[in-house]
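Subject: Structure for you to look at

Hello,

Here is the structure I promised to pass on. Please open it alongside these notes.

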Amino acid sequence: MKKNIEIKKAKFIYNPHSGEKRGKNPLYSRMTLEDVKNMLKQYQIPVDYFPTRYAKHATVLARNSIKEGYDLVIAAGGDGTVGEVINGLVGSNVTVAVLPLGTVMNVARMLSIPLEMEKAMQLIKIRRVRKIDLGCITHLNGEKMKTPYYFIEQAGLGIDAVMHYNFSGFFDRKEYHSVFRIIKALFSFYGHRAKVICDDSEIETHATMVTVSNGPLGGLALELAPDAKLNDHKLTVTLFNMNMFGLTLHILRLLLRKPGAKIKNIQTLQAKKVRVIAEVPKMVHADARLYGATPEEFRVVPAAINVITGFPKPENSALLKRTYLDP
């Protein structure tokens with residue numbers, strides 16, 4: 001007699017408020033939780049539902065899934081929810097699937113996960129798993145962090161961190177006076193001298209903006225580090241050695257998806273460990289969620305997490321080509 005095979009359930013961690021800004025955009029369809037539940041049933045993906053209730057709750061829920069015996073966690077929300085889930089699963093054998101319910105979805109884009117819900121659901125069913133690296137902040141404000149913070153996209157300092165902080169105040173915390181701080185920052189920011197130490201190489205710079213990237217995308221899906229790969233076991237350091245006018249033009253080109261030729265006053269390096277010491281303390285961010293100040297230290301964590309990916313075109317992939325030895 002043939003035995004019934006029990007299908008193991010996934011843990012479905014979701015942010016009840018994700019995609020609120022996306023839902024107001026006529027270019028996107030608004031998916032309700034009931035729509036998602038119905039689609040999961042349609043594709044025969046059994047799950048246990050866990051809503052997030054406070055900041056970093058997704059990290060707690062994800063960490064608990066390891067001892068609860070789940071082998072798949074579906075992070076349903078925006079990049080913030082995905083980042084929190086991954087911070088709870090670093091170094092485990094649990095696989096992360098991304099269901100893009102947020103607004104920008106840099107992580108989904110880099111993993112070639114379609115923003116169309118049903119196509120993203122199909123990838124969860126196919127379950128094509130690869131390992132990716134993570135960036136890690138080990139020191140912030142000149143002190144060693146009690147709990148290292150892991151980032152998928154990129155960290156940045158200088159005007160990059162200032163802008164991220166003020167934009168989050170404007171959109172997320174409803175601090176509408178943040179717009180005046182944004183304007184002030186654009187007109188008054190100055191790139192003070194800083195030391196950037198990449199492994200054993202030291203560079204002095206007055207760069208207006210410095211990014212430390214795990215993958216190519218950051219912010220509003222801007223390709224700030226086009227050559228960065230999620231599985232090359234290195235961090236990509238980009239020094240934007242230009243004035244505010246030049247930097248603004250460059251970002252506008254990226255927003256319009258017209259990066260043009262490589263700009264000579266953008267310097268790119270790669271390293272496994274990066275330290276930044278600024279003459280005047282500079283604000284730092286990681287994936288626009290963790291904020292602090294220099295000096296700080298970053299390192300790459302190779303093959304840190306299992307993720308479900310799509311099927312990217314080789315020329316547009318944020319992952320190195322799969323090999324026979326690729327885990």
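M209 has a long list of neighbours. Leaving aside residues up to four places away in sequence, M209 touches L157, I159, D160, L224, T238, L239, F240 and L247. Take I159 from that list. M209 and I159 lie 50 residues apart along the chain, yet their C-alpha atoms are separated by 5.7 Å. M209 belongs to strand β10, residues 209-213. Is M209 buried or exposed? Its relative accessible area is 3%, so M209 counts as buried. Keep in mind that this is a predicted model.

Now the chain as a whole. The protein chain has 327 residues, and 50% of them are buried. Its secondary structure comes to 9 helices and 18 strands. Contacts reach far along the sequence: of those between residues at least 6 apart, 72% join residues at least 24 apart. The accessible surface is about 17,100 Å². Carbon and sulfur atoms account for 56% of that surface.

Next, strand β3, residues 72-77. How many of the residues of β3 are buried? The count is 6 of 6. Both faces of β3 are covered. One side carries L72, I74 and A76, the other V73, A75 and G77.

β3 has partners in β1 and β4. Strand β1, residues 10-14, runs parallel to β3 and is joined to it by 4 bridges. Here F12 stands opposite I74. Strand β4, residues 95-100, also runs parallel to β3, with 6 bridges between them. On that side I74 faces A97. I74 therefore stands opposite F12 in one pairing and opposite A97 in the other, and β3 is buried along its 6 residues because each is under 20% relative accessible area. The link from β3 to β4 involves helix α4, residues 79-89. Together β3, α4 and β4 make a right-handed β-α-β unit.

F12 also leads to the aromatic residues. The structure holds 3 aromatic pairs. In one of them, F12 and Y14 are tilted, at 5.8 Å centre to centre and 45 degrees between the planes. F12 is at 0% relative accessibility, so it counts as buried. Y14 is at 13%, which means that Y14 is buried too. Which residues do ring pairs link into a cluster? They are F12, Y14 and Y49.

Two lysines sit over rings. The charged end of K37 is over the ring of Y49, 4.8 Å from its centre. K11 lies over the face of F50, at 4.4 Å from the ring centre. Y49 thus has a place in the ring cluster and a lysine over its ring.

Last, strand β15, residues 273-278. Which face of β15 is covered, and which is uncovered? V274, V276 and A278 form the covered face. K273, R275 and I277 form the uncovered one. β15 pairs with strand β8, residues 194-198, in the antiparallel sense, through 5 bridges. In this pairing K195 stands opposite I277. β15 also pairs with strand β18, residues 296-308, again antiparallel, over 4 bridges. There the bridge partner of R275 is E297. I277 and R275 are both on the uncovered face of β15.

Best wishes

Methods:
Residues numbered from 1 in each chain as written. Predicted model: local features only at pLDDT ≥ 70, side-chain atom pairs only at ≥ 80, totals over all residues. Heavy atoms only, no water. Phe/Tyr/Trp six-rings, centres within 6.5 Å; stacked < 30°, edge-to-face > 60°. Buried < 20%, exposed > 50% of the residue type's maximum accessible area, 1.4 Å probe, protein only. Lys NZ or Arg CZ within 6 Å of the ring centre and 35° of its normal. Helix = DSSP H or I, 4+ residues; strand = E, 2+ residues; numbered from the N terminus. Pairing = 2+ DSSP bridges. Right-handed = clockwise from strand over helix to strand, strands pointing away. Contact = heavy atoms within 4.5 Å. Areas by Shrake-Rupley, 256 points an atom, 1.4 Å probe, with all protein chains shown as cover.
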